[in-house]
Number of protein chains: 2
Amino acid sequence: MSTNLLFTSDLKQFLLNTVIFLSLSFFPLFNQATELRGTGDLGVVVERATGSILIVDTTTRTRLSKVEGFGDLSHASVVFSRDQRYAYVFGRDGGLTKVDILLGTIVNRVIQAGNSIGGAISQDGQLIAVSNYTPGGVKLFAADSLELLADLPTNSKVVGLVDAPGQRLVFSLFDTGEIWVADVHNPRQPEIKKFTNVGKQPYDALIFPNGRYYLAGLFGEKGFALLNLWQLEAGVKRILPDYGKGEETLPVYKMPHLEGCGITDDHLLVPAVGQHTVLVIDRHTWQQVKSIPVHGQPVFVMARPDGRQVWVNFALPDNDTVQVIDTTDFSIIKTLTPGKAVLHLEFTPRGEAVWVSVRDEDRLVVYNTETFESIATLPADKPSGIFFTARAHKIGQ
Amino acid sequence: MSTNLLFTSDLKQFLLNTVIFLSLSFFPLFNQATELRGTGDLGVVVERATGSILIVDTTTRTRLSKVEGFGDLSHASVVFSRDQRYAYVFGRDGGLTKVDILLGTIVNRVIQAGNSIGGAISQDGQLIAVSNYTPGGVKLFAADSLELLADLPTNSKVVGLVDAPGQRLVFSLFDTGEIWVADVHNPRQPEIKKFTNVGKQPYDALIFPNGRYYLAGLFGEKGFALLNLWQLEAGVKRILPDYGKGEETLPVYKMPHLEGCGITDDHLLVPAVGQHTVLVIDRHTWQQVKSIPVHGQPVFVMARPDGRQVWVNFALPDNDTVQVIDTTDFSIIKTLTPGKAVLHLEFTPRGEAVWVSVRDEDRLVVYNTETFESIATLPADKPSGIFFTARAHKIGQ
């Protein structure tokens with residue numbers, strides 16, 4: 001009896017242990033299994049004050065998780081792995097952080113410089129590049145391990161870093177007025193072609209959606225520096241050297257951005273520096289064909305994916321407002337006031353909606369781009385940049 | 001004793017049952033958990049003879065799974081849900097099948113007509129539209145449940161069905177020479193605008209990447225029908241009515257496709273019907289500016305995402321060949337022979353590689369688009385269409 005009782009008791013204990021063991025073993029799988037989902041409708045929102053990010057779903061318009069521990073995100077940007085599972089977050093403090101957006105966890109983090117401004121992912125998805133202010137330069141990392149592969153010192157703050165077709169990276173040197181094109185087929189020994197005297201103080205740049213043209217905005221003088229990446233031997237061309245001539249240039253409270261600028265079939269819409277103006281450039285002649293008076297100093301001038309609308313936000317003291325320009329006649333068709341300190345906006349991939357970050361009201365507002373109705377509001381802690389995973393598939397993003 | 005033995009025996013059985021139950025319960029989770037991954041680098045390859053599909057990974061260039069049970073896929077196409085988890089496969093036999101590409105399983109399947117040719121997903125991702133030959137028309141389904149929402153009979157075979165911005169669908173009627181624009185904001189009661197006398201026998205159509213222009217190719221006569229979706233009141237315009245005038249028109253062994261055609265900054269490259277020619281159209285004047293002699297009758301004329309190259313495959317008897325055109329001077333820079341019966345090709349989202357299906361050699365070949373080297377070969381059973389998930393984010397795909 002007692003033997004059997006013992007045996008029975010042992011069996012009970014064994015059974016209990018088995019159940020506990022199996023439960024514990026499977027627990028992580030349960031978690032993962034609940035996260036089994038596509039990644040095409042995900043996004044990352046930077047919460048600048050708390051050094052955290054939100055992972056959001058653009059289908060249900062909900063927050064999925066909050067991830068902390070990114071350091072100083074007061075000026076941050078994000079790129080995505082080609083499988084859209086990982087986000088690489090570039091922080092102001094030189095932090096490069098790889099996040100698993102399915103699990104909502106930090107996979108790896110390195111502090112790679114003292115003061116960083118942005119980054120890019122190479123065409124093949126294998127390399128992460130970071131542009132730094134202090135010390136000035138670009139560093140290349142392996143996308144999987146974040147191992148440092150190359151360090152390219154520049155003796156200048158680096159701005160406007162983008163990837164380009166042909167496994168290249170292009171960036172501008174603020175202090176020395178240069179544009180560099182780096183061929184990173186061999187990431188440990190990039191081949192660099194330098195263009196000097198491109199203009200005073202390039203402050204940001206953009207690459208066209210097809211990767212053909214690289215355009216840097218100048219802060220130290222009027223105009224833009226244009227490089228045709230299909231024809232490097234033609235060198236850098238200066239365009240719009242006289243825009244806004246005779247107009248008063250106002251103090252610049254926030255540097256405009258060129259990333260995501262308004263490119264349509266025939267035109268390019270860009271923010272004028274220090275003016276309440278959006279400039280319209282003919283894409284074929286590179287001449288200014290119009291200037292559109294707007295509500296304030298434009299910061300982001302971004303085309304809806306179909307190019308029919310361009311949305312603009314503004315610097316202080318007008319940063320509660322967003323204006324929408326119809327690109328067929330360049331009229332302002334809508335003025336919205338999402339709230340205090342509109343810092344960024346991002347369109348859903350097919351353009352039916354746009355997400356707007358309203359920093360000082362701690363929320364994100366989602367608008368229907370056809371009706372201009374607000375269709376969702378989500379809480380967020382001092383939100384700034386919004387980045388959707390569709391960027392993984394786009395040249396220069 | 002016997003009671004205890006029985007009890008012990010019961011316990012053993014219970015234990016065994018528990019383990020079996022837990023194993024079985026968790027088995028699907030095991031499968032799912034191993035599939036936890038991003039969906040940005042996935043694709044679907046149609047295996048036409050066996051009614052099956054392959055799910056492939058464009059990062060590792062491998063096959064992930066094979067899914068069977070799709071019926072007749074002799075002319076099939078695929079669209080993706082906006083989260084990139086589900087593929088909707090349109091089969092020749094009227095089958096509409098929803099596939100979970102993470103699990104590699106069929107979620108739902110309806111036979112919705114007798115003879116189907118293609119489909120589309122609406123801008124908001126909520127609707128699946130199918131274009132049918134028999135009976136001619138378009139049907140609308142809920143993307144989640146595949147519930148039928150609307151049936152639009154046309155008295156004609158329907159071709160060239162695409163989605164357009166503004167929650168619209170556009171398609172052409174082969175037999176009656178019409179283009180219809182359906183506003184599907186209310187999917188149970190679409191509002192249709194019809195354009196008649198657009199030309200004889202539109203056989204396929206394309207929408208520009210930004211959704212502005214819809215271009216239908218004509219089979220019953222020369223030329224194309226062009227509709228500006230930003231300006232419907234201007235009606236359909238005919239372009240290139242005289243292309244190839246005086247040249248011999250050959251028997252057409254395979255209808256050319258317009259989907260994915262070669263759109264660059266300034267030009268549109270399209271296959272000529274019944275000629276060994278690719279036509280170059282100026283995007284601004286809509287005039288033919290050049291005709292490029294090529295290896296055979298072109299079928300697909302597809303631009304690499306950056307527009308620098310256009311790749312062309314051919315109808316019988318030249319369907320073992322692919323040619324690459326440089327869009328800066330329209331020269332043929334490469335002629336490749338991937339093998340017998342090249343049916344389709346698809347570029348990776350940033351264009352560094354292209355996947356080619358070689359039906360009669362039962363394989364897929366992946367080329368580096370910069371070096372033209374073959375960088376991978378995968379077995380596939382009579383492969384035809386190749387579709388990557390990045391299409392989820394593109395207008396008209």
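In this predicted model, strand β8 of chain B, spanning residues 115-121, is mostly covered, with six of its seven residues buried. A companion is found in strand β9 of chain B, residues 127-134: β8(B) and β9(B) pair in the antiparallel sense over six bridges. One point of this pairing can be followed at the residue level, as Asn115(B) has Thr134(B) in β9(B) as its bridge partner. The hairpin formed by β8(B) and β9(B) leaves five residues between the strands, and there Gly125(B) takes a positive phi near 80 degrees.

Another helpful place to look in chain B is Asn210(B), which sits in the loop between β16 (202-207) and β17 (213-218). Asn210(B) has a relative accessible area of 12%, and because this value is under 20%, the residue counts as buried. Leaving aside residues up to four places away in sequence, Asn210(B) touches residues of chain A, namely Asp265(A), Pro305(A) and Asp306(A), as well as Pro165(B) and Ile395(B). With Asp265(A), a polar contact is made from side chain to side chain, at 2.9 Å.

How far the prediction can be trusted is a fair thing to ask next. For the complex, the predictor gives an ipTM of 0.90 and a pTM of 0.91. Chain A averages a pLDDT of 91, and 91% of the residues score at least 70. Residues 1-7 of chain A have a pLDDT below 50, and this stretch has six contacts in the model beyond near neighbours in sequence. The pLDDT is also below 50 over residues 20-33 of chain A, a stretch with twelve such contacts. Where pLDDT is low, predicted coordinates should not be read in detail.

Note on methods:
Residues numbered from 1 in each chain as written. Chains lettered and ligands numbered in written order. Heavy atoms only, no water. Helix = DSSP H or I, 4+ residues; strand = E, 2+ residues; numbered from the N terminus. Buried < 20%, exposed > 50% of the residue type's maximum accessible area, 1.4 Å probe, protein only. Polar contact = N/O pair within 3.5 Å; in protein donor to acceptor, adjacent residues only side chain to side chain. Contact = heavy atoms within 4.5 Å. pLDDT = per-residue confidence, 0-100. Pairing = 2+ DSSP bridges.
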